[in-house]
Amino acid sequence: MIASAPTATPASPRTVRKAVVPAAGLGTRFLPATKATPKEMLPVVDKPAIQYVVEEAAAAGLDDILMVTGRHKRAIEDHFDHAFELEQALAAKGDTVRLDAVRDPARLADIHHIRQGDPLGLGHAVLCARHHVGDQPFAVLLGDDLIDPRETLLSRMLEVRERHEGSVVALMEVDPEQSHLYGCAAVEPTGEDGVVRVTGLVEKPAPGTAPSRYAVIGRYVLDPAVFDVLERTPPGRGGEIQLTDALQDLAAGGTVHGVVFGGLRYDTGDKADYLRTVVRLACDRPDLGPEFRRWLRQFVAGLEEGAADDGERRRAA
């Protein structure tokens, strides 16, 4: 008698195993550097920004990742693939440290790629993942939005999804003058610390019209119901299909929660924040930090001395 193969246990309708990483943007804020290099591949110390995002997903237990890319993004696919010639050369030299660093991206998770085609917005990029995701809940992590590796935001969001089902967004308090840069949420308390119910969302509200100081940042855990909503969502702000508009529809039904995040987050799509990210993460590195911090103190001291000298010259004049 031949034993039958064990039947795979179907995933719970609450279990999240898949992540979608939209990475099809043109990166115009970083031109000309992004003319031929995807913005998600710009190095943050010695790893591209998007690798930090994939590592975050993998650390939260999401082992099936779909990257939604566009034209001229082949470098992203290559980075998360094996580089046999390079690996062989490093192995021949006995350089195990760099060999592991080169192999790590391909070992993080089961990574897939699809092209968005037309750049029709974040909502459209998420809709491109429908066939891959199917009828399971899934996470969305924006490719240039980094959460500090020591934070546990995504795991917290997955826990909230387990309890409440529906969709979960990450929220961060921002200054009112910055609210026009984000999708902003109207919220009400749930009685649970750090968790709110989202009752409405507005994409990049005009100054002074935001429903609260809570802005949506680039982490979502979405119910598959979002796909049907996106299918019927017309183009919104900027002529693009906005994920915020689809979530507004779901929020009206009471199925969207928010996790309020007060930790470290970096927008590597912004030049100034990109530079701050590199400095902060370099300072935290045990192999680079001690020497880099010493140099940084000397550099800042020199700037302060220079500013003092300039002040003296102006007063003398």
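**Figure 1. Helices α8 and α9 pack against each other in the predicted model.** Helix α8 covers residues 225-232, and helix α9 covers residues 243-252. Their axes lie 9 Å apart, at an angle of about 120°. The crossing of α8 and α9 is right-handed. From α8, the contact draws on Ala 225, Val 226, Val 229, Leu 230 and Arg 232. From α9, Leu 243, Ala 246, Asp 249 and Leu 250 take part. Sorted by class, the contact of α8 with α9 has seven nonpolar residues and two charged ones, with no polar residues.

**Figure 2. Helices α3 and α4 form a second helix pair.** Helix α3 runs over residues 84-93, and helix α4 over residues 96-107. The angle between them is about 160°, and their axes are 8 Å apart. Angles over 145 degrees count as roughly antiparallel, so α3 is roughly antiparallel to α4. This crossing of α3 and α4 is left-handed. On the α3 side, the residues in contact are Leu 86, Glu 87, Leu 90 and Ala 91. They meet Arg 98, Leu 99, Val 102 and Arg 103 of α4. The contact of α3 with α4 counts five nonpolar and three charged residues, and no polar ones.

**Figure 3. Thr 15 sits in the segment before β1.** Strand β1 spans residues 18-22. Thr 15 is partly exposed, at 23% relative accessibility. Which residues does Thr 15 touch, not counting those up to four places away in sequence? They are Gln 136, Pro 137 and Glu 162. Glu 159 is 144 residues from Thr 15 along the chain. Even so, the C-alpha atoms of Thr 15 and Glu 159 are separated by 9.8 Å.

**Figure 4. A cis peptide bond joins Leu 31 and Pro 32.** Omega is about 5° at this bond. Pro 32 belongs to the loop between β1 and β2, and β2 covers residues 43-44. Most peptide bonds are trans.

**Figure 5. His 72 and Glu 165 each have a positive phi.** Most residues other than glycine have a negative phi. For His 72, phi is about 70°. His 72 is in the loop between β4 (64-69) and α2 (74-79). For Glu 165, phi is near 55°. Glu 165 is in the loop between α7 (153-164) and β8 (167-173). How exposed is each residue? His 72 is exposed, with a relative accessible area of 68%. Glu 165 is partly exposed, with a relative accessible area of 31%.

**Figure 6. Cys 184 and Cys 283 are buried.** The relative accessible area of Cys 184 is 0%. For Cys 283, the value is 13%. Both cysteines count as buried because each value is under the 20% cut-off. The structure holds zero disulfides.

**Figure 7. The whole protein has 11 helices and 13 strands.** This view sets the close-ups in context. The C-alpha atoms fill a box of roughly 85 × 60 × 40 Å along the principal axes. The protein has 317 residues, and 43% of them are buried. Among contacts between residues at least 6 apart in sequence, 75% join residues at least 24 apart.

Technical notes:
Residues numbered from 1 in each chain as written. Predicted model: local features only at pLDDT ≥ 70, side-chain atom pairs only at ≥ 80, totals over all residues. Heavy atoms only, no water. Axes fitted to C-alpha atoms, helices over the stretch in contact; angles between N-to-C directions. Helix = DSSP H or I, 4+ residues; strand = E, 2+ residues; numbered from the N terminus. Parallel < 35°, antiparallel > 145°, perpendicular 65-115°, else oblique. Left-handed = near helix turned anticlockwise from the far one by under 90°. Contact = heavy atoms within 4.5 Å. Nonpolar A, V, L, I, M, F, W, Y, C, P; charged D, E, K, R; others polar. Disulfide = S-S within 2.5 Å. Buried < 20%, exposed > 50% of the residue type's maximum accessible area, 1.4 Å probe, protein only.
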